[in-house]
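I opened this model to look at its ligand shell, one helix pair and the overall fold. My notes follow.

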Amino acid sequence: MKAVIRRKYGPPETLSVAEIEKPMMKEDEVFIKVHATTVNRTDCAIVTGKPFIMRLFLGLFKPRQIVPGTDFAGQILAVGKGVTNFRINDRVFGFGDDGIQSQAQFMSHPVKKAIAHMPNKMSYEHAVASLEGAHYAFNFINKVNVAPGQKVMVNGATGAIGSAMIQLLTYYGARVTATCNTKNVTLIKSLGVARIIDYKKEDFTKDSEKYDFVFDAVGKSTFGKCKRLLKKRGVYISSELGPWVQNPFLALITPLIGGKKVKFPLPTNIMRSIEFVKKMIAEDVFRPVIDKTYALDEVAEAYKYVCSGNKTGNVILSMS
Ligand SMILES: NC(=O)c1ccc[n+]([C@@H]2O[C@H](COP(=O)([O-])OP(=O)(O)OC[C@H]3O[C@@H](n4cnc5c(N)ncnc54)[C@H](OP(=O)(O)O)[C@@H]3O)[C@@H](O)[C@H]2O)c1
């Protein structure tokens with residue numbers, strides 16, 4: 001089969017497409033023909049080995065898995081002896097942020113990990129784009145209790161996380177103000193936000209409104225700069241560690257001081273996120289944002305684009 005491979009950590013140029021053996025299927029696994037995966041920011045971290053802490057899980061000096069990939073949408077071609085909840089020909093999708101070797105034409109996947117039947121009538125591309133960003137957004141929002149009418153600022157609504165987050169927050173009834181670039185104002189408005197700040201023209205940290213929550217979905221701000229935006233007991237969450245790796249420490253210290261707090265989510269329970277996003281799709285209140293689709297042979301280009309931090313929503317790698 002054709003697969004994306006790499007033998008060392010490094011920039012997108014370390015990736016190539018090669019013919020390798022199809023993976024073996026174990027008793028508790030299903031064998032999948034992959035139709036689409038995304039290239040996402042988690043993949044960028046896994047391929048580059050940065051931040052360095054990731055290497056504790058991925059392999060210290062070189063990656064343990066030569067095939068990258070963290071999500072998939074595809075069709076089951078075979079099921080292991082111990083599998084009862086999936087059948088041949090089922091259309092399935094799934095995500096694993098520690099790497100599930102999905103950037104290949106075929107993969108094996110344990111059914112006890114995050115895998116589910118795809119929403120009815122959804123394309124493989126749209127299904128796979130409903131996973132990574134939505135999972136992180138769901139976990140960030142679950143770190144706090146968002147109630148209808150509460151005010152939330154989302155910085156970076158055009159990322160995979162941000163574009164999912166504004167839809168989830170709108171679903172919970174929050175009043176969302178979001179930042180985005182000039183070219184995406186119409187798109188972001190169509191996803192339900194109440195007010196937009198064009199980050200190319202205005203600094204959102206100077207806004208005069210007070211918010212219950214500030215979610216920085218692109219990790220470009222700091223608690224220090226956003227503190228003035230928060231109500232007395234407001235909460236700040238960022239998708240990044242912060243320029244001085246301060247966010248995890250602030251999450252430990254600020255609750256002891258009282259008042260405005262930082263929280264730092266460690267996203268878990270991927271199946272719960274998938275079930276939630278499936279429910280939203282069934283209710284027609286979630287649609288993934290897709291930027292570009294690349295062919296398998298263009299994988300290095302796809303990674304270059306995604307690692308640049310300029311994508312809008314999700315980037316698809318098509319296996320068809
Ligand atoms: N904590 C976690 O578990 C976790 C997991 C995955 C990802 N992440 C991190 O989360 C961040 C977001 O990832 P993502 O995939 O959702 O999106 P992304 O690829 O980082 O988002 C790109 C989008 O953000 C916009 N953007 C860039 N700078 C901005 C700024 N200063 N203000 C507002 N918008 C800005 C870009 O707009 P332009 O086109 O104008 O540049 C682009 O549309 C990344 O830093 C990633 O490393 C964290």
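**Ligand shell**

I looked up the ligand surroundings: 26 residues lie around the ligand, and Thr158, Gly159, Ile161, Asn181 and Ser239 come nearest. A residue counts as near if its C-beta atom, placed from the backbone, lies within 6 Å. I note that this is a predicted model: local features need pLDDT of at least 70, side-chain atom pairs count only at pLDDT 80 or more, and totals for chains, interfaces and linings use all residues. Residues are numbered from 1 along each chain as its sequence is written.

I sorted the shell by class: seven nonpolar, 15 polar and four charged. Nonpolar here is Ala, Val, Leu, Ile, Met, Phe, Trp, Tyr, Cys and Pro; charged is Asp, Glu, Lys and Arg; the others, Gly among them, are polar.

I then checked the helices (DSSP runs of H or I, at least four residues, numbered from the N terminus). α1, α4 (132–142) and α5 (160–171) each give at least two shell residues. The largest share, three residues, is from α5.

**Helix pair**

I followed α1 (residues 41–48) to α10 (residues 299–307): their axes come within 9 Å and cross at roughly 110°. The axes are lines fitted to C-alpha atoms over the stretch in contact, with angles from 0 to 180 degrees between N-to-C directions. α1 is therefore roughly perpendicular to α10 (65 to 115 degrees). Arg41, Cys44 and Val47 of α1 meet Tyr303, Val306 and Cys307 of α10 (C-beta atoms, placed from the backbone, within 7 Å). Five of these residues are nonpolar, none polar and one charged.

**Whole chain**

I boxed the C-alpha atoms along the principal axes: roughly 60 × 45 × 40 Å.

Technical notes. Angles under 35 degrees count as roughly parallel, over 145 as roughly antiparallel, 65 to 115 as roughly perpendicular and the rest as oblique. Two residues are in contact if their C-beta atoms, placed from the backbone, lie within 7 Å.
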